[in-house]
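Let's take a walk through a protein model together. Start with the whole chain, then zoom in on a handful of residues.

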Amino acid sequence: MKDDNFLKENNARHLWHPMGAPADSHGTPPKIIKGAEGVKITDIDGHSAVDAVGGLWCVNLGYSNNVVKEAIAKQLYDLPYYSAFAGTSNPPAIEASYAVREFFDADGMTRVFFTSGGSDSVETALRLSRQYHRLRGEPTRIKFLSLKKGYHGTHFGGASVNGNNRFRINYEPLLPGCFHLPAPYTYRNPFNETDPAQLAQNIAAAMEDEIAFQGANTIAAFIMEPIQGAGGVIVPDASFMRLMREICDRHGILMISDEVITGFGRSGDWSGARHWGVQPDMMTVAKGITSGYFPVGACMVGDKVADVFENDQTGEAGIFHGYTYSAHPVGSAAVVACLSETLRLDTKTNAAARGTQLYDGVRKLAEKHDIIGDVRGGHGLMTGIELVSDKAAKTPMDMATMKKVHEATYQAGAMVRLGAHNVLMSPPLTISEAEVNTILSALDAGFSAA
Ligand SMILES: Cc1ncc(COP(=O)(O)O)c(C=O)c1O
C-alpha cells in the first residue's frame, strides 16, 4: 500500500466517483476511510466516527463480523470463481439458494436468481416480469408502474422506474412505457394531504386511474420499496402496500417489492413486505445479503411466477439474462455466512429498538432546531431528516448549509449521508444504545453549525 501522502495527492484525480461531479471531488476531496471496527469508521487522519450510514445502507452486521470474513477467505482458496450459467454450478451457490429461499419463505418467495447488486436485481425482475406475461400468452403486458421518490438503481430499466429526476434527466430518453404515481410522502404531495391513510387512498385512486388510462392488459409490473430509502426515508401508511397489492391482483399486474434496503431486518422485520403484511410476486435484494462484504444481489420469485417458467409449453422459458458474477462462489459463501449470522444475532429486533430510539431522539432535536422541517422513520433503522431554510414555506435547505451540517456532524462523531436536502441514516443493525446516543449528540452539533 502506498503511503498516506500518495493517497491524499491522488485522491479523486484518477477515480470518478459515483453520484458526484468530478470537479467537485477535486475541490473537496472525499474523506479517505482507512479502517473500521464494530460500527465505527476511521479516516486517514485518524478521526473516528459512528457510521450512521452503514457503509451505504448495507453493512448490517457492522465491520467486524469474522464469520463472514472467514467464509469469504476460505472460499477464495477452495474455488475463487466458476460460472453458474446453465450447465455448471458450485457448492456455495446451491447452499446460498437454499438459505435465501428459507429466509424469505414467509414472503412466499420460492426461487432465487443471483446477481451482482441491487441494480442488476431490479433489471432482472423487470425483464422476468415481461417474459412471464409472454409465456402466459399476454405479450402486450410490457409497461411498468412505480412511485415518485422511488430509487431502483441506475441501469436503464431501473432508472426508468426511478422516481427522482436527478437520476434520470442526464440519461434520457429512458425506457418507454414507465409511468409514475405520487409517493406516499405526507410532507409534500400533489393532494396537499397530510393524513397518511387518506394519502394512501388518494394514491390508490391515482393508480386505478392510470391503469384504466393505460389499459391493464399493457402493464407488466408495479415496483415499489416498502419504505422509500434514497428518496428520503418515506414511510407510507400501514395500509398502503396492501392497497397496492390488492389493485395489482385485480388487474393481473405483478408486484415487485424492491427490498434492496429493507431486506434482512432493516425495517425491524426480515423484509419490508412482511413488515406491512404483504406477499409480493417478486422481490429484489442486495446490500444486507452479504452485509456489503462482497457484491451480491438477488431477484426472487414466488410460485405464481415460478410455475409459469417451470411448466412452460411454449419453449420460450429460457432466461437469456444473467451476469458473469451471478451465483459467484465467493459471494455465495458470503451469503450463507451472512444469513446465518443475521439470524443468530436476530438483527431485526435490535433494528426495531434502536430505530425507535434514533427516530424519537431526532424528533426531540426537531423541537430545538428550526431547520428541521420533517423527520421520518420509526420503522427500524432508517431515519430521514428533511432540512429547510424556512419552515413555514418548506423551502429546501441550500447545499452549502447541508455540507456544513454534514461536516460538523462528522467532526462531532457521526458520519451521516446527504440526499439532496435530506440527512439520511441507516446504521449497522448491530448498533448499541450508546452509539445511537453518539449519533444524536453529533447531529445536535451539526444542526447548531448551520
Ligand atoms: C431500493 C433500491 N433498489 C436498488 C438499488 C440499487 O442497488 P445497487 O446500488 O447495488 O445497484 C438501491 C441502492 O441503494 C436501492 O436502495
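## The big picture

The protein chain has 15 helices and 16 strands. Keep in mind that this is a predicted model.

How does the radius of gyration of the protein chain fit with a compact globule? A compact globule of 450 residues would come out near 22 Å, and the protein chain has 22 Å, so the two agree. If you follow the C-alpha trace along its principal axes, the protein chain spans about 65 × 60 × 40 Å.

Now for the inside and the outside. Of the 450 residues in the protein chain, 55% count as buried. The accessible surface of the chain comes to about 19,300 Å², and 53% of that belongs to carbon and sulfur atoms. As for charge, the protein chain carries 40 positive and 49 negative side chains, with the centres of the two sets 3 Å apart.

The contacts tell you about the fold too. Take the contacts in the protein chain with a separation of 6 or more: 72% of them come from residues 24 or more positions apart.

## Around strand β5

Let's drop in on S146, which sits in strand β5 (residues 143-147). Is S146 buried or exposed? S146 has a relative accessible area of 0%, and the cut-off for buried is under 20%, so S146 is buried. The side chain of S146 reaches the backbone oxygen of V161 at 2.7 Å. V161 also turns up among the contacts of S146 when you leave aside neighbours within four places in sequence, along with F179, H180, L181, F222 and I223.

Just before this strand comes a loop. E138 lies in that loop, between α6 (118-135) and β5. Which side chain does the side chain of E138 make a polar contact with? The partner is the side chain of R141, at 2.9 Å. Not counting residues up to four places away in sequence, E138 touches H133 and N217. E138 also shows how the chain comes back on itself: T218 is 80 residues away along the chain, yet the C-alpha atoms of the two are separated by 8.6 Å.

Helix α6 is home to Q131. With a relative accessible area of 16%, Q131 counts as buried. Once you skip residues up to four places away in sequence, Q131 touches F309, E316, A317, G318 and I319.

## Some backbone oddities

Here's a rule of thumb: most residues other than glycine have a negative phi, and most peptide bonds are trans. This chain has some exceptions for you to look up.

Which residue follows E172 across a cis peptide bond? P173 does, and omega for that bond is near 5°. You'll find P173 in the loop between α7 (156-161) and β6 (178-181).

K149 has a positive phi of about 75° although it is not a glycine, and K149 belongs to the loop between β5 and α7. A420 is not a glycine either, but has a positive phi of about 55°. Look for A420 in the loop between β15 (417-419) and β16 (422-425).

How much of each of these residues can be reached from outside? The table puts them next to two residues coming up below.

| Residue | Relative accessible area | Label |
|---|---|---|
| K149 | 26% | partly exposed |
| A420 | 35% | partly exposed |
| M282 | 0% | buried |
| V278 | 4% | buried |

## Strand β9 and the loop before it

M282 has its place in strand β9 (residues 282-285). What does M282 contact, leaving aside its neighbours within four places in sequence? The list includes M109, A125, L128, S129, L254, M255, C299 and V305. For a sense of distance, M282 and H421 are 139 residues apart in sequence and 32 Å apart in space, C-alpha to C-alpha.

V278 lies in the loop between α10 (272-275) and β9. Leaving out neighbours within four places in sequence, V278 is in contact with M241, R242, R245, M255 and A273. From C-alpha to C-alpha, V278 and D105 are 13 Å apart in space, with their positions 173 residues apart in sequence.

Terms used:
Residues are numbered from 1 along each chain as its sequence is written. This is a predicted model: local features need pLDDT of at least 70, side-chain atom pairs count only at pLDDT 80 or more; totals for chains, interfaces and linings use all residues. Side-chain values use heavy atoms; hydrogens and water are left out. Helices (H or I, at least four residues) and strands (E, at least two) are DSSP runs, numbered from the N terminus. The radius of gyration is taken over C-alpha atoms; the globule rule is 2.2 Å times the number of residues to the power 0.38. Buried means under 20% relative accessible area, exposed over 50%, partly exposed in between (1.4 Å probe, protein chains only). Contact means heavy atoms within 4.5 Å. Accessible areas come from the Shrake-Rupley method with a 1.4 Å probe; for residues, only the protein chains shown count as cover. Lys and Arg count as positive and Asp and Glu as negative; His and the chain ends are not counted. The place of a charge is taken as NZ of Lys, CZ of Arg, CG of Asp or CD of Glu. A polar contact is a pair of N or O atoms within 3.5 Å; within protein, one must be able to donate a hydrogen and the other to accept it, and residues adjacent in sequence count only if both atoms are side-chain atoms.
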